[in-house]
Each structure stands twice: as structure tokens, then as C-alpha cells.
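Q: Could you take me through one helix of this model in close detail, and then show how it sits within the rest of the chain? A connected walk-through would suit me well.

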Amino acid sequence: MICYNCGCRLSEQDFCTGCGADVSLYKKVIYLSNRLYNDGLDKASVRDLSGAIASLKESIKLNKNNIDARNLLGLVYFEMGEAVSALGEWVISQNLRPKKNIANDYIDMIQNNQARLDGINQTIKKYNQALAYCWQDSQDLAVIQLKKVLSNNPKYVRAHQLLALLYMNTEEWEKARRELEKCEQIDTGNTTTQRYLKEVTHMLVPEESQKGSTRKKASSDEIIRYQSGNETIIQPVNAAEKKGVSSLLNLGIGLVIGIGIACFLILPARIQKAKADINNDLRAVSEQSDAKTATIDEQEQKIRSLTDENTQLTSQLAALEGTDGALQATDGLMMAVNAYLTDPEDIETIAGYMEAMEPDENGEEEVKHSNSYETLRKQFLTQVSEKLAAYYYGLGNDSYRNGDYGAAIPNLKRAFTYDNTNADALFYLGNCYRENGDDDKAKEIYAQVMDDFAGTDRASKAETYLAEINNQN
């Protein structure tokens, strides 16, 4: 046992010899946790799994670092078919003690066996589906799902109990008792199982639960019961037949025969009438179905016509949008040239007009322009590219230094577009993508730095960052 304060090994004294902390109460808590662990171990050894769970939970509550108790609790859960709860306890145990912990073997046993892991997942899904069927009052479907669950996981106590409860609801007491006996074999101390079993036993052998009643006393004087193997033999005490019994018996037999003859004479006519009613109903339903089918066909034809019309209008709209885009770009170039002629140093205004000319980033094709437009644009860029590159690099660098990587990305991208010799702009652009979590884009930019500026300091750093991203992934 080690000190909770300094980690020093404790002696038999009530204080820590390392730091002097009072550990008397701490020792009592640890001893009580260990005692509860031993109690849970004893109960688990005699298959009192519910009692073992209660003791082990109390043990962990007192000492969360009791690895043995936590591992044993996971084993008990797993034995009861609760694989998810078992994995939860083992994962916590693994985090508390990563090395020399048997929980690692338990987790590997489940996770490395893909078939077992898939079986656990299917068991949970089917059990939850059975619960949903119960809420929907579809008990037959719930029984089918629970049988599938138990075929995959025969030790799932909760599935056995729910199946027994469904059998009890349909008064199939013998089937319910078989399921509950399976629960007892897995967990002998489960109170829910015992409560259900008591109710089933009461319904199967009601006279045992009615001892002392007047009806039991009266019947015990008239009959004798004894067990023969698995069967209960009931024998009357007074075998002598009372007077008048045979007459009443004959009268009853005659009455039954008369009712049977009447049924045989009446039933055929009623059956024929029922068949005729069913045929009429089927004919009416068929007529309604034909009418609805015709309406559906008509609506589908309208939908096809509207779809074709929509396609044509979309094509026309795309053509008009393309024309408008070309006009917008031409206007932007004219305004940028005008701003340059008015004040060549007003780079901010010129940059604003040039941004309006940039292609759409939504993945659409760039608008095609005339040759005269392209010639004017190239001549204009030879005059302002250097100033625009310096302007955008300054904005992007300031945003990068301030940690606003989202704002820095478009400005650094434009700076490199106007000056493809600026290694700093391209390198900082890769850093911005990396800081924003876009590792794929960052790797692409770093690779471009290594290709375009090979042998430089920026290329060396880009190679280092690229290796870090690859190792991290």
C-alpha cells in the first residue's frame, strides 16, 4: 500500500513515514475495498453474479484504483452476457494501469476476434429491437428477436428474463420456467429471476400456494394425489357412483350431439355467405386500386413533362449566367484600369476590382473572354503585378502573425499568384492550411515549395513539416 500524498510505501504506522500524512482512515478505506473485493470473488465463485456485482461496485466506489476488483467486475459482466459493460470496466482498468494488466488480454481477446465483435454488436441491436417490439405490443416479433439473441449469446441473462416475461404474458408458464431455470444456472442470486420464478411456480402448482384455504381442505377430503415420475396422479376417494349421475350424463351427451348436428346443417350456408361477402369486398378493392393506378400514371406523366421543361430552363439560365459573368469581369477590368490611371499608388482600390475578376470557387467552369480582353488584362498585370503581390503579401503576413489563418490564406494565395517567386508567401500559405487542420492541402503546398524552391531554407523546412504530418497521420 502506498501513500496517497507522496507515493511512499506505507508501514504499519498510522502516518506516512515519507511525508507525515495521517493515513489511518485511508488504510481503513483500502482494507474495506479489499474485503468487498474478496466478498465479490466468493460470490462469483458460487455463481451469485448479481451479489458479486454489488460487492465489486462498492469496492470500486471506495477505491477506484482497485484494478483486481475492476477486472473481476468486467469478467462477471461478460459472464452475464453484458459485453459492453465488461469492455467499459476493462478499458478503465487499462487506462489506470497500462502495463502488466490482464485487462489488456481481455480487450485483445474481443477486439482481435472480428467475428466475436460482430456477434456482440448484432446481439445488442437485436435485443434493442426486441425491446422496441415490446413497446409496440408486437410480442411475437419480440420473441423471435430474443431467440436470435440467445442463439448468439446464450448467457445473456437479461434476454432470458425478457423472453420469460413475454411467455408469462401469454400464459406459457412451462416455457417461462425453462428460461428462468437457464437464468438460475448463470446467476443464482438474481432477484428478478427469483421473483419471476415464484410467480411461474405459483401458476403451475396453484394448490401449493393455497395451503390452509377452505377449497383446499374440501378437495383434499375427496381426492388423493400422488407423484408417479414426472406426472401427478389424481384418484377419487369414493369410487361409488351417485344415483342419477348416469341419467344426467346421457342427457348431456344427447344435448352435445344435437348441437353438433345443428352446426353441421347451419355452418355450410354461413360459410357460403361469408365467401360471397369476401368476393364482393375484393372486387371493390380491385376497382379502387385500378382507379388509383390510373391517377398515378397521369401524375407520373406530368412529372416527366415538368422535369424536361425544368432541364431546358436550367440550360437557358446557365447560358445567361455565363454571359453575365463575362460582362461582370470586363467591367471589373475596366474599373481597375481606370483606377490605375487615376492614381497608380491606390493599390487597395485596384486590388478590389481585380478580386471581382477572379474565377468562381464553387467548381464551375471559368467564363471565356475575348482575345482583346485577355491582351488588355496581361498588359495591365505587367504594370501592377509587383505592387499587388506586395500588397497582398503584407495583408497575409500580418494575419498569419496574428494567428488569423483563415484571413491569411486568400491573401497569401493571391500574393503568390501575382509573384510566383515569393517562396515566403507559398511557405506561409502551407503553414496556414496546417494550423487550420487541412493537412491534405498543407501537404500539397509543402510539396510545391520543395519543387519550386529546391535547395532553399524554405524547401528544407517544408520537407520537415511534411514528414511531421505524414508521421502524425
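The answer below starts with one helix, H18, and then moves outward to other parts of the chain.

Q: Which residues of H18 are buried, and what covers them?

A: Happy to! Please keep in mind that this is a predicted model. Helix H18 runs over residues 457-472, which makes 16 residues. From its first C-alpha to its last it reaches 23 Å, close to the 22 Å expected at 1.5 Å a residue.

Now to the burial pattern. Arg458, Ala459, Ala462, Leu466 and Ile469 are the buried residues of H18. These residues lie on the same side of H18, because the arc they cover around the axis is only 90°. The face turned away from that buried side carries Asn471 and Gln472, which are exposed. As for the cover over the buried residues of H18, it includes helix H16 (423-435) and helix H17 (439-452).

Arg458 deserves a closer look, being a residue of H18 with a charged-looking name in a buried list. Its relative accessibility is 16%, so Arg458 counts as buried under the 20% cut-off. The side chain of Arg458 makes a polar contact with the side chain of Asp424, at 2.7 Å. Setting aside neighbours within four places in sequence, Arg458 is in contact with Ala423, Asp424, Phe427, Tyr428 and Val449.

With H18 in view, here is the wider chain. The protein chain holds 18 helices and 2 strands. It has 473 residues, and 29% of them count as buried. Among contacts with a separation of 6 or more, 46% are between residues 24 or more positions apart. The accessible surface comes to about 31200 Å², and carbon and sulfur atoms account for 52% of that.

The cysteines can be dealt with briefly. A disulfide is a covalent bond between the sulfur atoms of two cysteines. A search of the whole structure finds 0 of them. Cys432 is buried at 0% relative accessibility, whereas Cys134 is partly exposed at 23%.

Helix H4 (residues 83-96) can be read in the way H18 was. Its 14 residues should span 20 Å at 1.5 Å a residue, and the end C-alpha atoms are indeed 20 Å apart. The buried residues of H4 are Ala83, Ala86, Leu87, Glu89, Trp90 and Ser93. Seen down the axis, they fall within an arc of 165°, so they line one face of H4. Val84 and Asn95 are exposed on the other side of H4. Cover for the buried residues of H4 includes H2, helix H3 (67-79), helix H5 (103-111) and helix H6 (114-135).

Since H2 is part of that cover, one of its residues makes a natural next stop. Ile53 is found in H2, which spans residues 49-62. Ile53 is buried, with a relative accessible area of 11%. Apart from neighbours within four places in sequence, Ile53 is in contact with Leu73, Val76, Tyr77 and Met80. One of these partners, Val76, is 23 residues from Ile53 in sequence, and their C-alpha atoms are 7.1 Å apart in space.

Two loop residues are worth a look for their backbone angles. Lys100 has a positive phi of about 50° although it is not a glycine. Lys100 sits in the loop between H4 and H5 and is exposed, with a relative accessible area of 82%. Glu171 also has a positive phi, near 65°, in a residue other than glycine. Its place is in the loop between helix H8 (157-169) and helix H9 (173-186), and Glu171 is exposed at 58% relative accessible area.

A third loop residue, Asn190, is found between H9 and helix H10 (191-204). Asn190 counts as buried, at 9% relative accessibility. Its side chain makes a polar contact with the side chain of Gln161, at 3.0 Å. A polar atom of the Asn190 side chain also lies 3.2 Å from the backbone nitrogen of Thr193. Leaving out neighbours within four places in sequence, Asn190 is in contact with Ser50, Met80, Val157 and Gln161. Met80 appears among the contacts of Ile53 as well.

To return to the starting point: H18 has its buried residues on the same side, and H16 and H17 are among the elements that cover them.

Notes
Residues numbered from 1 in each chain as written. Predicted model: local features only at pLDDT ≥ 70, side-chain atom pairs only at ≥ 80, totals over all residues. Heavy atoms only, no water. Helix = DSSP H or I, 4+ residues; strand = E, 2+ residues; numbered from the N terminus. Expected span 1.5 Å × (residues − 1). Buried < 20%, exposed > 50% of the residue type's maximum accessible area, 1.4 Å probe, protein only. Arc of directions from axis to C-beta. Contact = heavy atoms within 4.5 Å. Areas by Shrake-Rupley, 256 points an atom, 1.4 Å probe, with all protein chains shown as cover. Polar contact = N/O pair within 3.5 Å; in protein donor to acceptor, adjacent residues only side chain to side chain. Disulfide = S-S within 2.5 Å.
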